[in-house]
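These are my notes from going through one model. I looked up packing, cysteines, a surface patch and a few single residues.

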Amino acid sequence: MGATLKDATAIAGIGQTPFAKHLPESEKTLACRAIVAALDDAGIAPSEVDAFASYTMEETDEVEIAKAIGAGDVTHFSKVGYGGGGSCATVAHLAAAVATGQAGVGVAWRSRKRGSGPRPWKNTRVQLPTPGQWTRPFGLLRPADEIGLLARRYMHEYGATRDHLFNVALACRNRANQNPAAIMYERPLTREMYMTARWISEPLCLFDNCLETDGALACVVVSAERARDCRHRPVYVHSAAQGLPAQHHGMVNYWNDDPLTGPAWTAARHLWKGADLGPQDVDVAQIYDAFTPLIPLSLEGYGFCGRGEGAAFTEGGALEIGGRLPLNTGGGGLSEAYVHGFNLITEGVKQLRGTSTAQVPDATTCLVTAGEGVPTSALLLRS
């Protein structure tokens with residue numbers, strides 16, 4: 001797939017609503033506002049949209065969105081499963097549709113009222129899916145509990161400490177402190193605050209967990225040729241991949257030979273195989289951060305360091321601007337907003353346009369990843 005898609009398409013427009021704990025608008029209204037903003041950013045009329053891609057967890061659908069924004073005939077539409085694991089895949093699906101002539105102007109979006117809405121695990125009326133029957137009755141009720149289990153295993157195996165997780169939380173918070181759109185703008189984080197915060201699921205404290213956010217984001221995918229005539233510098237989809245490992249069990253990886261080798265490893269192999277670049281060529285990364293331990297696990301999976309070295313990689317300001325790998329430069333899910341990772345895609349575009357609030361000088365390549373621990377996806381973007 002990578003060889004076929006390489007630089008054939010580009011993200012030409014991005015849009016978002018404000019982020020907050022509570023927004024009064026409906027998810028449909030928020031979605032439409034983000035999509036129209038992205039189209040305006042690209043300089044493309046809504047009537048030209050002929051492809052849509054979103055998440056299976058998205059409550060708004062392409063039929064209603066297409067009518068509301070005034071789209072024309074739609075010739076491609078798809079949805080990707082597994083929550084945050086699908087973020088980058090929405091763009092990949094549109095890139096494949098545009099590159100193969102199935103569509104000309106694609107829109108990907110995520111709209112969610114997770115801040116003011118219910119927590120998914122609170123619904124006890126529905127029968128548990130098969131994977132949940134191996135976790136929920138034994139106390140792993142929330143994603144934080146499942147990742148807490150992996151984090152404890154990682155600490156035991158490789159000597160990672162809470163200071164390493166703090167490095168992740170701090171880097172994301174520092175970038176959010178530079179971003180007026182971030183929920184945690186002007187709200188600094190200190191080591192003392194982190195170390196004394198309440199447990200959510202030990203060893204994960206409050207600041208190891210993502211935000212709960214209302215908001216929506218969208219992006220527009222067109223051919224590379226058309227993107228060069230749009231309003232902003234094109235951000236090319238250089239490579240894209242999805243990853244579902246053999247014998248996978250969501251979040252906990254029970255049946256894998258090594259439960260700490262998650263879907264990132266599968267996606268990474270395919271991503272780099274389809275690219276002219278490698279991990280050493282990445283200037284900035286937007287790595288899915290629903291929980292801090294996902295960062296060291298992803299750093300290893302995507303090849304930035306060796307097995308068990310992800311925690312140590314975070315030391316010495318490595319994730320800060322000027323470090324080895326500047327990370328989540330808008331604040332990420334931990335400190336900007338949590339909208340199933342879509343803000344990582346739009347922040348990647350901002351970095352390669354040179355318009356980020358925490359700009360990495362001369363950045364030309366950006367890795368964007370989706371949720372680790374679930375069937376996942378990734379994009380390698382370049383300018």
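I began with what the buried residues of α10 pack against, keeping in mind that the model is predicted. Their partners are two strands towards the end of the numbering I checked, β10 (365–369) and β11 (376–382), together with β8 (235–243) and helix α11 (294–301).

Next I listed the residues of α10 itself, which runs over 263–273. I found P263, A264, A267, A268, L271 and W272 buried. Looking down the axis of α10, I see these buried residues within an arc of 140°, so they line one face of the helix. On the other side of α10 I noted R269 and K273, which are exposed.

I then followed the chain to P279, in the loop between α10 and β9 (284–286). Leaving out residues up to four places away in sequence, I get W272, Y302, G303 and F304 as the residues that P279 touches. W272 is thus a contact of P279 as well as one of the buried residues of α10. I also took a distance from P279 to L149: the C-alpha atoms are 28 Å apart, with the two positions 130 residues apart along the chain.

L149 came up again when I turned to the surface. With W134, Y254 and W255, L149 forms a nonpolar patch there. I note about 420 Å² of accessible area for the four together. I placed W134 in the loop between α5 (130–133) and α6 (143–158). W134 is partly exposed, at 46% relative accessible area.

How many disulfides does the structure hold? I count zero. Why is C88 not bonded to C366? The C366 sulfur is the closest cysteine sulfur to that of C88, but at 9.4 Å it is too far for a bond, since a disulfide needs the two sulfur atoms within 2.5 Å. C88 is buried, and its relative accessible area is 0%. I checked C305 as well: C305 is in no disulfide, and the nearest cysteine sulfur, that of C172, lies 16 Å away. C305 also counts as buried, at 14% relative accessibility, because the cut-off for buried is under 20%.

My last entry is S78, in strand β3 (residues 76–80). Is S78 buried or exposed? I have S78 as buried, with a relative accessible area of 13%. Setting aside neighbours within four places in sequence, I list F52, A53, S54 and H93 as the contacts of S78.

Technical notes:
Residues are numbered from 1 along each chain as its sequence is written. This is a predicted model: local features need pLDDT of at least 70, side-chain atom pairs count only at pLDDT 80 or more; totals for chains, interfaces and linings use all residues. Side-chain values use heavy atoms; hydrogens and water are left out. Buried means under 20% relative accessible area, exposed over 50%, partly exposed in between (1.4 Å probe, protein chains only). Helices (H or I, at least four residues) and strands (E, at least two) are DSSP runs, numbered from the N terminus. The arc is that of the directions from the helix axis to the C-beta atoms. Contact means heavy atoms within 4.5 Å. Patches are made of residues with over 30% relative accessible area and no salt bridge: like charges are joined within 9 Å, nonpolar side chains (Val, Leu, Ile, Met, Phe, Trp, Tyr) within 5 Å. Accessible areas come from the Shrake-Rupley method with a 1.4 Å probe; for residues, only the protein chains shown count as cover. A salt bridge is a side-chain nitrogen of Lys or Arg within 4 Å of a carboxyl oxygen of Asp or Glu.
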